[in-house]
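Please prepare a short briefing on the structure shown below, written for a reader who has not met it before. It should be grouped by topic.

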Amino acid sequence: MTTPSDDDIAQALMTLADARGADKSFCPSEVARHLSEDWRPLMGRVRKVALDLPLMATQKGHGVDLRRVRGPVRLSLKKD
């Protein structure tokens, strides 16, 4: 099994975000699980790639900085 590229991760993140729309969030692990059976090692890269996309990270309903937050987060499309 090949390791997904950052472009593969970005495409998967945006595909899921677009499918959910601006009002519904998703866990980054959904993308990692879609891209690899051994998804846990991929989580750091999924979060890193998400930083450069028009996505908002939340934790317990509050906006968070994905570079600094620890623990589970949700991602959604940024609202204009």
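The charged end of R33 lies over the ring of W39, 3.9 Å from the ring centre; a charge counts as sitting over a ring if NZ of Lys or CZ of Arg is within 6 Å of the centre and within 35 degrees of the ring normal. This is a predicted model, in which local features need pLDDT of at least 70, side-chain atom pairs count only at pLDDT 80 or more, and totals for chains, interfaces and linings use all residues. Residues are numbered from 1 along each chain as its sequence is written, and side-chain values use heavy atoms, with hydrogens and water left out.

**Nonpolar core**
- The largest nonpolar core (buried Ala, Val, Leu, Ile, Met, Phe, Trp, Tyr and Cys residues joined through side-chain atoms within 4.5 Å) has 24 residues, and L13, L55 and L75 have the most contacts inside it.
- At least two residues of this core come from each of α1 (6-20), α2 (28-35), α3 (43-50), β1 (55-59) and β3 (74-77); helices (H or I, at least four residues) and strands (E, at least two) are DSSP runs numbered from the N terminus.
- With seven residues, α1 gives the most to this core.

**Helix α3**
- M43, V46, R47, V49 and A50 are the buried residues of α3, where buried means under 20% relative accessible area, exposed over 50% and partly exposed in between (1.4 Å probe, protein chains only).
- These residues lie on the same side of α3 because they cover an arc of only 165° around the axis, taken from the directions from the helix axis to the C-beta atoms.
- The buried residues of α3 pack against α1, α2, β1 and β3.

**Strand β3**
- S76 is found in strand β3 and counts as buried because its relative accessibility is 7%.
- Not counting residues up to four places away in sequence, S76 touches K24, S25, F26, P54, L55 and M56, contact meaning heavy atoms within 4.5 Å.
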